[in-house]
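Trainee: Please pick one part of this model and go over it closely. I would like to see how that part is held and what lies around it.

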Amino acid sequence: MPIDPNALMAAAREGLDRAYAPYSHFRVAAAVIDEQGRVFTGVNVENLSYGLAVCAERVAIFSAIAAGARRIAAVAVTSSGADLLSPCGACRQVIAEFASAEVPVYCDAPDGLRRWSVGELLPHGFSAPQLGKA
Ligand code: THU
């Protein structure tokens with residue numbers, strides 16, 4: 001299935017205004033596409049109890065999973081910040097649960113899209129064999 005990185009990033013950017021970030025004032029939005037070509041978006045959702053904030057990437061992935069998706073084919077992430085945003089460690093582990101190592105993660109940057117693979121973002125992540133589950 002062909003993936004258009006710019007279209008996926010456009011879907012992420014379209015959601016940025018819906019981020020709920022009254023504490024950090026740092027808006028993040030993500031879009032994921034599943035293996036059937038369905039696109040799901042997410043935004044960061046913060047809380048007065050700061051530690052309960054959930055990142056945009058996880059919201060997008062959980063939304064996809066709740067809709068029945070199981071494998072993610074690409075991820076795009078953007079933010080209200082001026083610089084390149086790359087996903088936090090927790091989100092990398094969640095992305096790796098549903099996306100193979102070669103799956104692209106596109107991150108918005110002032111000079112265009114930065115592309116990493118899931119495997120580049122999370123080398124040596126916790127994986128099923130360590131649990132005794134192949
Ligand atoms: N945030 C994300 O949504 N994704 C990331 O990968 C990094 C951080 C959010 C969490 C919090 O709402 C805000 O950015 C500042 O950390």
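Mentor: A polar contact is a pair of N or O atoms within 3.5 Å; within protein, one atom must be able to donate a hydrogen and the other to accept it, and residues adjacent in sequence count only if both atoms are side-chain atoms. Such a contact, 2.6 Å in length, links the side chains of T78 and D108, and I will work outward from there. The model is predicted, so local features need pLDDT of at least 70 and side-chain atom pairs pLDDT 80 or more, while totals for chains, interfaces and linings use all residues. Numbering starts from 1 along each chain as its sequence is written, and side-chain values use heavy atoms, without hydrogens or water.

T78 belongs to strand β3, residues 72-79. Helices (H or I, at least four residues) and strands (E, at least two) are DSSP runs numbered from the N terminus. T78 has a relative accessible area of 3% and is therefore buried (under 20% relative accessible area; over 50% is exposed and in between is partly exposed, with a 1.4 Å probe and protein chains only). Leaving out neighbours within four places in sequence, T78 is in contact (heavy atoms within 4.5 Å) with M9, A12, R13, L16, R27, V28, A29 and D108.

D108 brings us to the part I have picked, strand β4. This strand spans residues 104-109, and six of its six residues are buried, so the rest of the structure largely encloses β4. The cover is on both faces: P104, Y106 and D108 are buried on one side, and V105, C107 and A109 are buried on the other.

What lies beside β4? Two strands pair when DSSP finds at least two bridges between them. β4 pairs with β3 in the parallel sense, over three bridges. In that pairing, V75 stands opposite V105 of β4. β4 also runs antiparallel to β5, residues 112-117, and six bridges join the two. A109 stands opposite G112 of β5. With two residues between them, β4 and β5 make a hairpin.

G112 lies in strand β5 and, at 29% relative accessibility, counts as partly exposed. The C-alpha atoms of G112 and N6 are 9.6 Å apart in space, although 106 residues separate the two in sequence.

Back on the β3 side, another buried acidic residue is worth a look. D34 is in strand β1 and is buried, because its relative accessible area is 2%. A polar atom of the D34 side chain lies 2.9 Å from the backbone nitrogen of Q36. Apart from residues up to four places away in sequence, D34 touches M1, F40, A69, R71, I72 and A73. One of these, I72, falls within the residue range of β3.

β3 and β1 are also part of the cover over helix α2. The buried residues of this helix, residues 56-66, are A56, E57, R58, A60, I61, A64 and I65. What covers them includes β1, β2 (39-43), β3 and α3 (89-98). An α-helix has 3.6 residues a turn, so residues three or four places apart point the same way.

Take I65, which lies in α2. At 18% relative accessible area, I65 is buried. I65 touches R70 and F98, not counting residues up to four places away in sequence. Its C-alpha atom is 9.5 Å from that of F40, with the two residues 25 apart along the chain. After α2 comes G68, with a positive phi near 110°.

A positive phi also turns up at two residues that are not glycine. Most residues other than glycine have a negative phi. H25 has a positive phi of about 60° and sits in the loop between α1 and β1. H25 is exposed, because its relative accessible area is 63%. H124 also has a positive phi of about 60°, and its place is in the segment after α4 (118-121). H124 has a relative accessible area of 81%, so it counts as exposed.

To return to the part we started with: β4 is flanked by β3, in parallel, and by β5, antiparallel, and D108 in β4 is joined to T78 by the polar contact of 2.6 Å.
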